[in-house]
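Could you walk me through this structure in the viewer, one selection at a time? I would like to know what to pick next and what is there.

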Amino acid sequence: MYYDKVESLERDEIDALQADRLRKVVETAMASPFYKKKYAEADIDPASIKTVDDVRRLPFTTKNDLRNNYPDGFLTRPVEDFVRLHVSSGTTGTPTAVYYTQSDLDKWADLMARSMYCCGVRKSDVLQNMSGYGLFTGGLGIHYGSERLGCLTIPAGAGNTKRQIKLIRDFNVSVMHIIPSFALYFAQKVRDEGFEPKTMPWRIALIGAEPHTEDTRKRIEELMNIKAFNSYGMTEMNGPGVAFECEHQNGMHIWEDSYLPEIINPQTGEHVKEGEIGELVMTTLTREGMPLIRYRTRDLTRFIPGKCACGRVHRRMDRIAGRADDMLIIKGVNIYPMQIEKILMAMPEVGQNYLIELIREKFIDQIRVKVEIKDEFFVEDMRVLQSLQKRIAAKLRDEILVTPRVELVMHNSIPKSEGKAQRVVDLRDVEG
Ligand code: AMP
Ligand code: ZN
């Protein structure tokens, strides 16, 4: 039933394992210039770590710490001991680098294999990896995990829809790894090319790397006639394979033997109550070359209380509600792009893509949402379109408390990037 015996540990066993590994990783980390200095200043003694709760006494590590100590201030060994390097996509600011030893890579591949097995991928599957290779961890991360599990693995990379379809048909691809915004686009393209999703060999899509809503998942599942599982990770924590949905699709199990997750109030740094939303903070428990302790991910989520029907005790996190740095402030109101996606993807008239533009009207910041409309709803009667436009604006206002400008555009008219979607563009100084 499980890929790995760690998956059947009980809560007290996980707690004990985490406490033990936390003490060891703090010891290991002190070999790096960054933690050596930081822990000397904070007077941290690894031997004093006895329980998981002792993590709260350790200082946080931030993205700025990574940037300020770029490129190698976090390494616990000489560079010659490392065999791989990835760089975070850095949609916000300077990129950060993560180095891996061979043992770190092996452990990562095991976690990836476990993650895929957990949602139903088996050795007999053929997996097509449709995310970009190169510095993005979704390429090689998924790739080595898939090989570790024993799947025939096709490193298709991103883009080139026609070739993707041909590979899927020629080689009986049963599992795809695909970014959700691209999956929506791709599903439409497959239909436009004249293929009926029911006749395609696929059965599972691993979707992740960017925020998306439950309705987006449902759309992908319906459009493609597939089961789609949420996959969460980030370069700083290796890449994908940090948390993954099981077959119950009810939150992502965080692999707690390898990561120690916490959820804090981003303002106070204190733990939130069980089940409340806050910022996810992660500690690598087994990484030897570049451990990160209490790393503030800036991703907002919550722990899902209770036990999962699959029997795994590894705590589940909810889908990402947004990133602390994604927040828009319009007319004094805080808005997350995912609130907008939530409304749009629940409306049957809305097509597969949208774009949020920040504009300035008479010196006041305003939001404009470009919304693709499905062909069958893109009628010539202006009155019908205007009423749809008003309806979308009203629904958005109810959610975000600001009335946005809404512009209806034709299906496939918003440019689609091959990697993670850029949902927000700032035109305030262009059009202002
Ligand atoms: P990168 O390290 O550049 O791949 O970016 C990692 C970031 O992507 C995370 O911190 C999240 O903000 C986002 N991300 C990754 N996986 C997911 C997911 N399943 N749902 C929402 N956001 C995700
Ligand atoms: Zn489960």
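Here is a tour in six stops, with something to select at each. Keep in mind along the way that this is a predicted model.

**Stop 1: the zinc ion**

Select the zinc ion (ligand 2) and show the side chains around it. Which protein atoms are its donors? They are SG of Cys246, NE2 of His253, SG of Cys308 and SG of Cys310, at 2.1 to 2.3 Å from the ion. The angles among these four donor atoms run from 101 to 117 degrees, and the site is tetrahedral. For comparison, the ideal angle for four tetrahedral donors is 109.5 degrees. If you also have the sequence panel open, look for the donor spacing C-x6-H-x54-C-x1-C. Cys246 sits in the loop between strand 8 (239-245) and strand 9 (252-254), while Cys308 belongs to the loop between strand 13 (303-304) and strand 14 (316-317), so this pair ties together parts that are 62 residues apart in sequence. Switch on the surface and you will find that both Cys246 and Cys308 are buried.

**Stop 2: helix 1**

Now select residues 11-29, which form helix 1. Its 19 residues reach 26 Å from the first C-alpha to the last, close to the expected 27 Å. Colour Ile14, Gln18, Ala19, Leu22, Val25, Val26 and Ala29, which are buried. Then turn the view to look down the helix axis: the buried residues fall within an arc of 140 degrees, so they line one face of the helix. What covers them includes helix 2 (33-41), strand 10 (259-264) and strand 11 (278-284).

**Stop 3: the nonpolar cores**

Leu22 from the last stop leads us inward, as one of the residues with the most contacts inside the largest nonpolar core. The others with the most contacts there are Leu58, Val121, Leu206 and Tyr232, and the core has 65 residues. Highlight helix 4 (residues 102-118) too, since it gives the most to this core, with eight residues. Next, centre on Leu206 and display its surroundings. Beyond residues up to four places away in sequence, Leu206 touches several residues, including Met116, Val121, Val175, Ile178, Phe229 and Phe244. Another core lies apart from the largest one; it has 52 residues, among them Ile179, Ala183, Ala228 and Tyr354.

**Stop 4: a cis peptide bond**

Zoom to Tyr70 and Pro71. The peptide bond from Tyr70 to Pro71 is cis, with omega near 0 degrees. Pro71 is in the loop between helix 3 (63-68) and strand 1 (84-87).

**Stop 5: two positive phi angles**

Pick Ala209, in the loop between strand 6 (204-208) and helix 8 (214-224). Its phi is near 80 degrees, a positive value in a residue other than glycine. At 30% relative accessibility, Ala209 is partly exposed. Then move to Phe363, in the loop between strand 18 (350-361) and strand 19 (364-373). The phi of Phe363 is near 70 degrees, again positive in a residue other than glycine. Is Phe363 buried or exposed? Phe363 is exposed, with a relative accessible area of 80%.

**Stop 6: Lys395**

Finish in helix 10 (residues 382-400) by selecting Lys395. This residue is partly exposed, at a relative accessible area of 38%. Which residues does Lys395 contact, leaving aside neighbours within four places in sequence? They are Ile343 and Met347. Draw a distance from Lys395 to Ile343, C-alpha to C-alpha: the two are 6.9 Å apart in space and 52 residues apart in sequence.

Key:
Residues numbered from 1 in each chain as written. Chains lettered and ligands numbered in written order. Heavy atoms only, no water. Donors = N, O, S within 2.8 Å, 3.2 Å for Na, K, Ca; no water. Tetrahedral: all angles 85-135°; square planar, octahedral: opposite > 155°, others 65-115°. Helix = DSSP H or I, 4+ residues; strand = E, 2+ residues; numbered from the N terminus. Buried < 20%, exposed > 50% of the residue type's maximum accessible area, 1.4 Å probe, protein only. Expected span 1.5 Å × (residues − 1). Arc of directions from axis to C-beta. Contact = heavy atoms within 4.5 Å. Core = buried A, V, L, I, M, F, W, Y, C linked by side-chain atoms within 4.5 Å.
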